[in-house]
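This report goes through one protein chain, from individual charge pairs to the overall fold. The sequence and structure come first.

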Amino acid sequence: MDKPPEKIVVRGLRDVAAAETKISYVNPNGTLYYVGYNIDDLVEQVCYEEVVYLLLYNRLPNKQELDKLRALLISEMNLPEPITDSIKATPKNCHPMEVLRTEISHLSYYDADCNDHSEAANKRRAIQLIAKVPAIVAAIHRAHTNQPTVAPTEEFGFAENFLYMFRGKTADSEEKAAIDRFMTLHADHGFNASTFAARVTASTNSDMYSAVTSAIGTLKGPLHGGACEKVMHMLDDINTEEEVEEYIQGMLDDQKKIMGFGHRVYKTEDPRTKHLRCIAENLCHRTNTLNLYNLCLKIENVVHEKKKIFPNVDFYAAVTLDALGVTSAFFTPFFASSRTSGWVAHILEQYEDAVLLRPSSQYVGEFGRKFVPIEQR
Ligand code: CMC
């Protein structure tokens, strides 16, 4: 009998370290580091392009390096025409994450040196993907709302350009700061599920487009980046603060997860939450949607009281994006647009590590079944 040896199965790979990384550290005690910098020190002092540079080159840029990267990123926000045509031809009822997943895969057709897997070619590809994911997200929104595609402009920073191309109107200084911080806070987060998926694909020496496509498909799920959109659905379902207690109790009684709460690693509040809470409050104040912000505070208190769990990055991201004029179906695409910098940094690191990620499993099925030909079944 081929009885398999007993192995230790770590359900959900909880606490399993699958590789070494220098890119980010998610501390269970509630701190997050990008390449050694605490995000609390970065979020209000750097722009998203500086974070991109940090993740790709392992250090912060000087002014000249930053200007060069910004110009390159903005020029790479222009999309090949077949991509915009294909987006326009997509049925309007498709979810933007489905369209994004398809178009990132499609993008590889227009990579002139797609067979060049050198480090330099992959770095170039990484920068193109960081720029093209938000540009595609913006183009999907424009097409879905029957509005013309908006070209990027050198006058604006990268995050500001993204919001401009998405909405077709210029961001004011507070919106500009908000989108920059949003993207900075979402740029990387250790071996989360989508990053791991990207690294698994990269570990087979597959191309970067395939790895980012894997990541997008993984981020889409409601237990990961898809939670953000569901948070907005919950806020839409609850009309007043008085309804919160009963709504949350009902969800818990039905064994349902409260979206935007809980975390695999943090045992305390997610360090990104305090920043997003503050950004959300500020924006809601300006847009006269403080009722939504106050609803969030009430939900946070009730969920903590009942389950002793904290909001994660997705909770206040929902009201933040809503106040920036982003519709809920585009919340996860905004997350993807920011996380692409982390994904490609991890893909490059995985290429360097050059090891196939291939775990094993504990077989618990049957042995020795007698084969029966199809005519006799
Ligand atoms: N609502 C209700 N109970 C929860 C929640 C929640 N959102 N999250 C965790 N719990 C409970 C869980 O039921 C369990 O309770 P008990 O010990 O009584 O059985 C306990 O907390 C431990 O949770 P867990 O299921 O072991 O946690 P996990 O590490 O397997 O899952 C999670 C982490 C993020 C999948 C989960 O918290 C969840 O489903 N949250 C809602 C979806 C969500 O917000 N996802 C975004 C995750 S963070 C950012 C991102 O990746 O996008």
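## A charge pair between exposed residues

In this predicted model, E366 and R369 form a salt bridge through their side chains, with N and O 3.5 Å apart. Both partners lie open to solvent by the cut-off of over 50% relative accessible area. E366 is exposed at 53%, and R369 is exposed at 66%.

Salt bridges also form a network elsewhere: E49, K63, D67 and R70 are joined through shared partners.

## Salt bridges between separate elements

The structure holds 19 salt bridges in total. One of them pairs the side chains of K274 and D40, with an N to O distance of 3.2 Å. K274 belongs to helix 13 (residues 273-287) and D40 to helix 1 (residues 39-42), so this contact ties together parts that are 234 residues apart in sequence. K274 is partly exposed, with a relative accessible area of 35%. D40 is also partly exposed, at 30%.

Another salt bridge links R125 and D113, whose closest N and O atoms are 3.9 Å apart. R125 sits in helix 6, while D113 sits in the loop between helix 5 (96-107) and helix 6, so the pair connects parts that are 12 residues apart in sequence. What is the relative accessibility of R125? The value is 1%, so R125 counts as buried, because the cut-off for burial is under 20% relative accessible area. Its partner D113 is partly exposed, with a relative accessible area of 30%.

## A negative patch on the surface

Which residues gather in a patch of negative charge on the surface? They are E20, E119, E352 and D353. Patch members have no salt bridge, so E119 carries a charge that is not paired in that way.

E119 is located in helix 6, which covers residues 119-144. With a relative accessibility of 58%, E119 is exposed. Helix 6 thus also holds R125, the salt-bridge partner of D113.

## Helix 16

Helix 16 covers residues 331-353 and includes Q350. Q350 is buried, at 1% relative accessibility. The C-alpha atoms of Q350 and S338 are separated by 20 Å, and the two residues are 12 residues apart along the chain.

## Asparagines with positive phi

Two loop residues other than glycine have a positive phi. For N58 the angle is near 70°, and for N288 the angle is near 60°.

N58 is in the loop between helix 2 (48-57) and helix 3 (63-75). With 47% relative accessibility, N58 is partly exposed. N288 is in the loop between helix 13 and helix 14 (290-307). N288 is exposed, with a relative accessibility of 69%. Helix 13, on one side of that loop, is the helix that contains K274.

## The chain as a whole

The chain contains 16 helices and 3 strands. Its radius of gyration is 22 Å, close to the 21 Å that the globule rule gives for 377 residues, so the chain is as compact as a globular protein of that length.

Along the principal axes, the C-alpha atoms fill a box of roughly 70 × 60 × 45 Å. Of the 377 residues in the chain, 50% are buried. R125 and Q350 are among the buried residues.

How values were computed: Residues are numbered from 1 along each chain as its sequence is written. This is a predicted model: local features need pLDDT of at least 70, side-chain atom pairs count only at pLDDT 80 or more; totals for chains, interfaces and linings use all residues. Side-chain values use heavy atoms; hydrogens and water are left out. Patches are made of residues with over 30% relative accessible area and no salt bridge: like charges are joined within 9 Å, nonpolar side chains (Val, Leu, Ile, Met, Phe, Trp, Tyr) within 5 Å. Accessible areas come from the Shrake-Rupley method with a 1.4 Å probe; for residues, only the protein chains shown count as cover. A salt bridge is a side-chain nitrogen of Lys or Arg within 4 Å of a carboxyl oxygen of Asp or Glu. Lys and Arg count as positive and Asp and Glu as negative; His and the chain ends are not counted. The place of a charge is taken as NZ of Lys, CZ of Arg, CG of Asp or CD of Glu. Helices (H or I, at least four residues) and strands (E, at least two) are DSSP runs, numbered from the N terminus. Buried means under 20% relative accessible area, exposed over 50%, partly exposed in between (1.4 Å probe, protein chains only). The radius of gyration is taken over C-alpha atoms; the globule rule is 2.2 Å times the number of residues to the power 0.38.
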